[in-house]
Amino acid sequence: MPTVSVQENLMWVRDRIRALAGAANRGPEAVRLIAVSKTVSIDVAHEAYAAGQRAFGENRVLELEEKAPRLPADCEWHMIGHLQKNKVRSIVRHAAWIHSVDSVALLQRIDGIAAEEGRCPRVLVQVNISGEATKSGVTPGEARPIVAEARNCRNLVCAGLMTMAPFDSEPADLHRFFGSLRLLRDELESACGCALPELSMGMSGDYEIAVAEGATMVRIGTAIFGAREGV
Ligand SMILES: *Cc1c(COP(=O)(O)O)cnc(C)c1O
């Protein structure tokens, strides 16, 4: 692969997202780009910052703890990886958004710790929409009690749903998976009487279809930073 700069990659991805959102009759600001900086160095993350990127995603707490304090304070950090109960405090300190809530107990723990830390993270419920055995996240049925419980939480805002599609999916299946997450969101909004505006779906390989299906956040690493080694 020829070396292309992070700045050029970012410009390309932003243009694609804007064009796709426009084609789906959505406004230019309808989709937020989260640059997934996992495994990249602080210097490379800085390149993205210099190119105007402010939202960054990490899937490991250790990397979040390392990077968040070293980038300028106007960055917004998104925890997108599996959550461990004993790491919630550190996540709440560093991340404004948590995409990977998968139990009522975890939701309550985030709420309690956010109160102690004087924070109010926005959280998403991660749904395994494809049913693939290796994917994390709850079943569509299990999402409802979590969203319902969020109404009792005073120190977090449950803002929507997140999913990951299987890596080798055909386009027709990707449309089905992402469309299903949107429909589930609509159902949960009326069943629980709350607003769930955010749909975090789409990665480097499938974000175009995710945007067409209504993604409000895409989590993109490889298309911005290049392929990760050993991942
Ligand atoms: C790594 C990761 C991404 C980004 O994947 P790319 O294919 O590199 O764009 C998105 N979401 C989650 C949860 C991830 O772990």
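A polar contact is taken here as a pair of N or O atoms within 3.5 Å. In this predicted model, such a pair is formed between the ligand and Arg219, where a nitrogen atom of the ligand is 2.8 Å from an N or O atom in the side chain of Arg219. Two further residues approach oxygen atoms of the ligand, with a polar side-chain atom of Thr222 at 2.5 Å from an oxygen atom and a polar side-chain atom of Arg228 at 2.8 Å from an oxygen atom. The ligand taken alone exposes 390 Å², and the protein buries 92% of that area.

The residues that surround the ligand include Val36, Lys38, Asn59, Ile80, Met164 and Met203, together with Ser204 and Gly221. By class, this shell comprises five nonpolar, four polar and three charged residues.

The ligand sits in the largest pocket, which has a volume of about 640 Å³. Of the 27 residues lining this pocket, Lys38, Met164, Phe167, Met203 and Arg228 are the closest to its centre. The lining of the largest pocket divides by class into 11 nonpolar, 11 polar and five charged residues.

The second largest pocket holds about 320 Å³ of space and is lined by 13 residues, of which Arg14, Glu29, Val31, Arg32 and Leu33 lie nearest its centre. The elements that contribute two or more residues to this lining are α1 (6-23) and β1 (32-36), and the largest share, three residues, comes from α1. By class, the lining of the second largest pocket has five nonpolar, two polar and six charged residues.

How values were computed:
Residues are numbered from 1 along each chain as its sequence is written. This is a predicted model: local features need pLDDT of at least 70, side-chain atom pairs count only at pLDDT 80 or more; totals for chains, interfaces and linings use all residues. Side-chain values use heavy atoms; hydrogens and water are left out. A residue is near a molecule or strand if one of its heavy atoms lies within 4 Å of it. A polar contact is a pair of N or O atoms within 3.5 Å; within protein, one must be able to donate a hydrogen and the other to accept it, and residues adjacent in sequence count only if both atoms are side-chain atoms. Accessible areas come from the Shrake-Rupley method with a 1.4 Å probe; for residues, only the protein chains shown count as cover. On a 1 Å grid over the protein atoms alone, a cavity is a set of points where a 1.4 Å probe fits but cannot get out, and a pocket is an open set with protein on both sides within 12 Å along at least five of seven lines; lining residues have an atom within 4 Å of a point. A molecule sits in a cavity or pocket if more than half of its atoms lie within 2 Å of its grid points. Ala, Val, Leu, Ile, Met, Phe, Trp, Tyr, Cys and Pro count as nonpolar, Asp, Glu, Lys and Arg as charged, and the others, Gly among them, as polar. Grid points are joined across faces, edges and corners, and a volume is the space filled by probe spheres set on the points. Helices (H or I, at least four residues) and strands (E, at least two) are DSSP runs, numbered from the N terminus.
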